[in-house]
Amino acid sequence: MPVRIALIGTGSVGKGVLEVLSRKNTGIILTGVADSRSGLMDPGGIPVSSLLDRKKKTGLCGERSISALKVVTEGEYDILVEASPTDAVTGEPATGYIRAALSRGSHVVTSNKGPVALHYRELSNLARENGVSFRFEATVAGAIPILHTLLDSLGGNEIHALYGVLNGTCNYILTRMAEEGLSYRQALDEARALGYAEADPTYDVKGIDAAVKLVILANTVWKKEITLDTIDITGIDLLTEEAIRLAEEQDATIRLIGEIVPAENLYRLSPRIIPKHHPLVVQGSLNAIIVRTDLAGDLIFAGKGAGSLETASAIIGDILSIRERYAGGN
Ligand SMILES: NC(=O)c1ccc[n+]([C@@H]2O[C@H](COP(=O)([O-])OP(=O)(O)OC[C@H]3O[C@@H](n4cnc5c(N)ncnc54)[C@H](OP(=O)(O)O)[C@@H]3O)[C@@H](O)[C@H]2O)c1
């Protein structure tokens, strides 16, 4: 049974989704698409390869007269796939798109952390009231299916604690500082040159990006209602080469670790000295997560926390699981 999607955002993540649709026979049909300046709707299906060509040549995915909001409110689709930029302060414009889609009875899949971190309770209630799904696997740890695992596969467990390396840019910088003795500045410049860090890396290196992921985990897995202010945040921007060198002398290293221990009311993100053989000591831009459970014991996950196809993997998984769940109806 084919499923129709409208895609908002054709940047790195959106293009990854389109590439998967063009490469694989997923049964997913694109009936709407929009970027910051244009949009396109076709209930019969939009050919993906010519769309990718047009975006590459003109910078636009559709017509200037069609806005993203028009695609969301007027398009014919079953699932809105929302992949516009994250605004961790307002959550907009993505939250508005998501609200509009859920209110008209369409499912939503998003990679956008803002709406989930700021408005999870409201949006999940709205989805329930309208008999649809709101899924956001791609918002935490990219390709690692951590939310699905915690919410579904480990449903019979009590999750006592979660520890994780949740920001690939910071992990890359820390890896390079330890491996090559680079200064923080040199490692950051290298991360920028390789495209791991943004021109303005504040959001990553001050720990905001990883802390937002902790908020999402706490509010969805443990049903808390915390905000960014609840998290005790220390980034890596003030870390010295000396600190890394001292850790190395003890056969240890430094990683930016997010911690959630709900029974202790502990929500913290900080650089921690950990032994080199510890499972959270992953290299380069990888992410890693340990969860401590009552039945399954300790579980370890590692993999790509970002990237075009890696993030698309999480999005496509959400789309297909919605199709599976609602097969035969809706
Ligand atoms: N990149 C990753 O590996 C990754 C991983 C996990 C989660 N995410 C999240 O996924 C989302 C997309 O990330 P990305 O890396 O693909 O970002 P990106 O490369 O900056 O692309 C953003 C896309 O959104 C479009 N856009 C901008 N403002 C818009 C608006 N007001 N309405 C509709 N569309 C708008 C842009 O349009 P133009 O093309 O016209 O500029 C562009 O196509 C972000 O929320 C990000 O935090 C990214």
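The following exchange concerns a predicted model and its ligand shell, sheets, helix 5 and unusual backbone angles.

Biologist: On what basis are residues numbered and local features accepted?

Modeller: Residues are numbered from 1 along each chain as its sequence is written. The model is predicted, and local features need pLDDT of at least 70, side-chain atom pairs count only at pLDDT 80 or more, and totals for chains, interfaces and linings use all residues.

Biologist: Which helix gives the most residues to the shell around the ligand?

Modeller: A residue is near a molecule if its C-beta atom, placed from the backbone, lies within 6 Å of it. Of the 25 residues around the ligand, Gly9, Gly11, Val13, Asp35 and Ala306 come nearest. Helices (H or I, at least four residues) and strands (E, at least two) are DSSP runs, numbered from the N terminus. With 3 residues, the greatest contributor is helix 1 (residues 12–23).

Biologist: How many charged residues does the shell around the ligand have?

Modeller: Here Ala, Val, Leu, Ile, Met, Phe, Trp, Tyr, Cys and Pro count as nonpolar, Asp, Glu, Lys and Arg as charged, and the others, Gly among them, as polar. The shell has 9 nonpolar and 13 polar residues, and its charged residues number 3.

Biologist: Which strands stand at the edges of the open sheet?

Modeller: Two strands pair if DSSP finds at least two bridges between them. The open sheet has 6 strands in the order 3-2-1-4-5-6, with mixed pairing. One side of each edge strand has no neighbour in the sheet, because each has a single partner strand; these are strand 3 (39–41) and strand 6 (134–135).

Biologist: Which residue in strand 5 is the bridge partner of Leu80?

Modeller: Strand 4 (residues 79–82) and strand 5 (residues 107–110) run parallel and are joined by 4 bridges. The partner of Leu80 in strand 5 is Val108.

Biologist: Which residue in strand 2 stands opposite Ala6?

Modeller: Strand 1 (residues 3–8) is mostly covered, with 5 of its 6 residues buried (20 or more other C-beta atoms within 10 Å of a residue's own; exposed means 12 or fewer, partly exposed in between, with C-beta atoms placed from the backbone). Strand 1 runs parallel to strand 2 (residues 28–34), and 6 bridges join them. Opposite Ala6 stands Gly32.

Biologist: How far apart are the end C-alpha atoms of helix 5?

Modeller: The expected span of a helix is 1.5 Å times one less than its number of residues. For the 17 residues of helix 5 (residues 113–129) this gives 24 Å, which agrees with the end C-alpha separation of 22 Å.

Biologist: At which residue does helix 5 bend?

Modeller: A bend is the angle between axes fitted to the seven residues ending at a residue and the seven starting there. In helix 5 the angle is about 95°, at His119.

Biologist: Which peptide bond is cis?

Modeller: The loop between strand 4 and helix 4 holds Pro93. With omega near 5°, the cis bond runs from Glu92 to Pro93.

Biologist: Is Asp251, with its positive phi, buried or exposed?

Modeller: Asp251 is not a glycine, yet its phi is about 55°. Its place is the loop between helix 11 (241–249) and strand 9 (252–261). Because Asp251 has 9 other C-beta atoms within 10 Å, it is exposed.

Biologist: Which residue in strand 11 stands opposite Ile159?

Modeller: Strand 7 (residues 159–165) and strand 11 (residues 286–293) pair in the antiparallel sense over 6 bridges. Opposite Ile159 stands Thr293.
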